[in-house]
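Grab a pen and open the viewer: here are some exercises, each with a worked solution. Try each task before reading on.

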Amino acid sequence: MSTTNASTYRPDPADLPLLRGTAIDGMPAYEALVNEAQTDRLGFWARLAREHLTWRRPFTRVLDESNAPFFKWFDDGVLNASYNCLDRHLDNGNANKTAIIFEADDGTVTTITYLELHARVCRFANGLRERGIGLGDRVMIYLPMSIEGVVAMQACARIGAPHSVVFGGFSAKSLHERMVDVGAVAVITADEQMRGGKSLPLKSIVDEALAMGGTDDVHTVVVYRRTGGSILWDETRDCWLHEIEEAQPDTCEPEWVGAEHPLFVLYTSGSTGTPKGVQHSTAGYLLWTSVTMNWTFDIQPHDVFWCTADIGWITGHSYICYGPTAVGATQVIFEGVPTWPNAGRFWDMIARHKVSIFYTAPTAIRSLIKASESDGSVHPRRFDLSSLRLLGTVGEPINPSAWQWYAQEVGGGRCPVLDTFWQTETGGHMIAPLPGVTRLVPGSCTLPLPGIDAAIVDETGVELPNGQGGLLVIKQPWPSMLRTIWANPERFRHGYYPPELGGNLYLAGDGAIRDPETGYFTITGRIDDVLNVSGHRMGTMEIESALTANPLVSEAAVVGRPDETSGEAIVAFVVLKGPRPADGDAKQIADQLRAWVGKEIGPIAKPKEIRFGDSMPKTRSGKVVRRLLRSVAKGEAISQDVSTVENPAVLHQFSQHT
Ligand code: PRX
């Protein structure tokens, strides 16, 4: 580990080598943009939308606020997202530029040019159309990290069929729940996925989900043959992806859609037991992924960009499928896991593919720090990382010491570390340093991007001065914001524009504080019942519902506790229908419940710890006292007032580890 003191290390971008032609050239240019956005908000967004997107029919209206908070942007404009990501690069000399360098789990590398990617997307889009799938139909995607994943998403965009990608780590039940909610007509999946040398089923999970019922509209299941592993086959419904592609021509007229046409619905966790389908638009969303590729990542023609996220999350949508292709970048896509065959995999891949911009999650960094401490051969210094020029992080707060290590050991002290704050709902970066512009401070995502009007308010919506922590809000709508929650507009309105704050502020769901001197933002964590485990967003209520669905369980409460590697760890407090298990049985029942949660939601939701008590600590009015459970989970002595708790003795039981 570096010996530099985290609190005193303040690299000044002025000390960093000049970047090759930054999109925003220094702080005065940043301030000019912020100013432009403030003084002529609509003109600012209209200018960006004209510069970054290719329109079939230009828009004449920039923003329609008449039905706020259901905002519409550029809504009389017509375009196609896949055309913007592919076709327009074919005529500007980039047809033979590498679009994707795909590295499989076993190290096999496949590259594909923009011309080839375009052809594959067209073939696949034609095949979907031939099966009657078109404008407005929802298509479920349950695929591993692959070129095929991008082809599938782009093909849906090409025919105007909103996709809904589900992360391959979710269970059949989770997939089913999302499929029913979104009303899917087709599913695109693979036989199996390969991760860390192991094959994991996908198609059989789709079969299981479809057997649960309520999915009669699903008439087609397209299967990408990844491993050749044996799968069940339904002749009336299933078809091979390669056979579809082989049978089709390599051009396909895009479906020209209105700017507000939903590009996709992506499910994420909130503070209720059911995940919510975050609906994004076509133009506003694509605009911001393209702008932020330029501003935050300063993307240049010769860059090799690598975002390690999965396409099942928003980061994989914005900074794998859409952003990099919209700007015609070359990017790496990786099938496997960072620790296989060893924890030097990321560094080895950066060296081999000459990656210049690397974007990953703090959890990955923390686990690789740990690994390199115990095995020097996987330390980043052992690899030639000289191609790197920018480093980014996303998904959770990055602690200053991990930031430091990333900057020094991976970036060699040369590369700015961009701590990007944003959410599934925001579509792209909201608060993030800009290379060559922002003086960096480890642990802070620094300043909002131009056009993003972020503030911190109290519980009544009153803006707080710098130095005082409160709720992070966005005061003005922006083009890439979610449009609604699929089939649940009221959940959108109440959840994101709560009446308590006046109904006109977007509530991010995070706490934040601004530095008194610099005005920099630091995110202090979620203010709702949402956990962030290894950068994966999980609702405590979802896990509680899964646990209480088990026949053994009477009550369950789930909280997060800080964890060195995963950021937060899931701790479940459980009351069984039968007696509290004796020490010998507790472990076995805990394992059983963990496996159950894995089946109900997916392995990512398995509690790290499960603790048993005779009853839940509750107030006299029957409310579970979560603040006490959080303290218990952290192993803190209960020094708080327990006089309102009806049964304080159970706190002692819950303090026991199993
Ligand atoms: O709590 C914030 C945290 O992740 C949440 C959004 O999660 P999700 O919608 O899954 O999107 C993750 C990828 C964009 C936020 O509400 N979060 C995200 N980025 C940061 C962060 N917390 C602190 N610092 C960040 N840079």
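The exercises below go from the ligand to two helices and then to two single residues.

**Before you start.** This is a predicted model, where local features need pLDDT of at least 70 and side-chain atom pairs count only at pLDDT 80 or more, while totals for chains, interfaces and linings use all residues. Residues are numbered from 1 along each chain as its sequence is written, and side-chain values use heavy atoms, with hydrogens and water left out.

**Exercise 1. Find which residues come nearest to the ligand, and list some polar partners**.

Step 1: Collect the shell, meaning residues with a heavy atom within 4 Å of the ligand. There are 17 residues around it, and Asp 419, Thr 424, Asp 510, Arg 526 and Arg 537 come nearest.

Step 2: Look for N or O pairs within 3.5 Å, the cut-off for a polar contact; within protein, one atom must be able to donate a hydrogen and the other to accept it, and residues adjacent in sequence count only if both atoms are side-chain atoms.
- A side-chain N or O atom of Arg 526 sits 2.8 Å from a ligand oxygen.
- A polar backbone atom of Gly 395 is 3.1 Å from a ligand nitrogen.
- For Asn 532, a polar side-chain atom is 3.5 Å from a ligand oxygen.

Step 3: Check the cover. Alone, the ligand exposes 540 Å², and the protein buries 95% of that (Shrake-Rupley method, 1.4 Å probe).

Step 4: Map the shell onto secondary structure, using DSSP runs numbered from the N terminus (helices H or I, at least four residues; strands E, at least two). Two or more residues each come from α10 (314-326), β20 (417-420) and β25 (521-526).

**Exercise 2. Work out why helix α13 counts as largely enclosed**.

Step 1: Count buried residues, those under 20% relative accessible area (exposed is over 50%, partly exposed in between; 1.4 Å probe, protein chains only). In α13 (residues 400-410), 8 of the 11 residues are buried, so the rest of the structure largely encloses this helix.

Step 2: Name some of them: Trp 403, Trp 405 and Tyr 406 are among the buried residues.

Step 3: Find the cover, with contact meaning heavy atoms within 4.5 Å. It includes α11 (345-353), β18 (357-360), α12 (362-374), β19 (390-394) and β20.

Step 4: Look past the helix, where Gly 412 follows with a positive phi near 60 degrees.

**Exercise 3. Compare the expected span of helix α16 with the model**.

Step 1: Take 1.5 Å times one less than the number of residues. For the 18 residues of α16 (residues 583-600), that should be 26 Å; the end C-alpha atoms are 26 Å apart, which agrees.

Step 2: See what its buried residues pack against: α6 (172-182), α15 (540-548), β28 (553-563), β29 (567-576) and β30 (609-612).

Step 3: Check the residue Gly 602 after the helix; its phi is positive, near 150 degrees.

**Exercise 4. Is Ser 269 buried or exposed, and what does its side chain contact**?

Step 1: Locate Ser 269 in the loop between β14 (264-268) and β15 (276-280).

Step 2: Its relative accessibility is 4%, so Ser 269 counts as buried.

Step 3: The Ser 269 side chain makes a polar contact with that of Glu 542, at 2.6 Å.

**Exercise 5. Describe the setting of His 317**.

Step 1: His 317 lies in helix α10, and 0% relative accessibility means that His 317 counts as buried.

Step 2: A polar atom of the His 317 side chain lies 3.0 Å from the backbone oxygen of Trp 313.

Step 3: Beyond four places in sequence, His 317 touches residues including Met 153, His 163 and Tyr 285.
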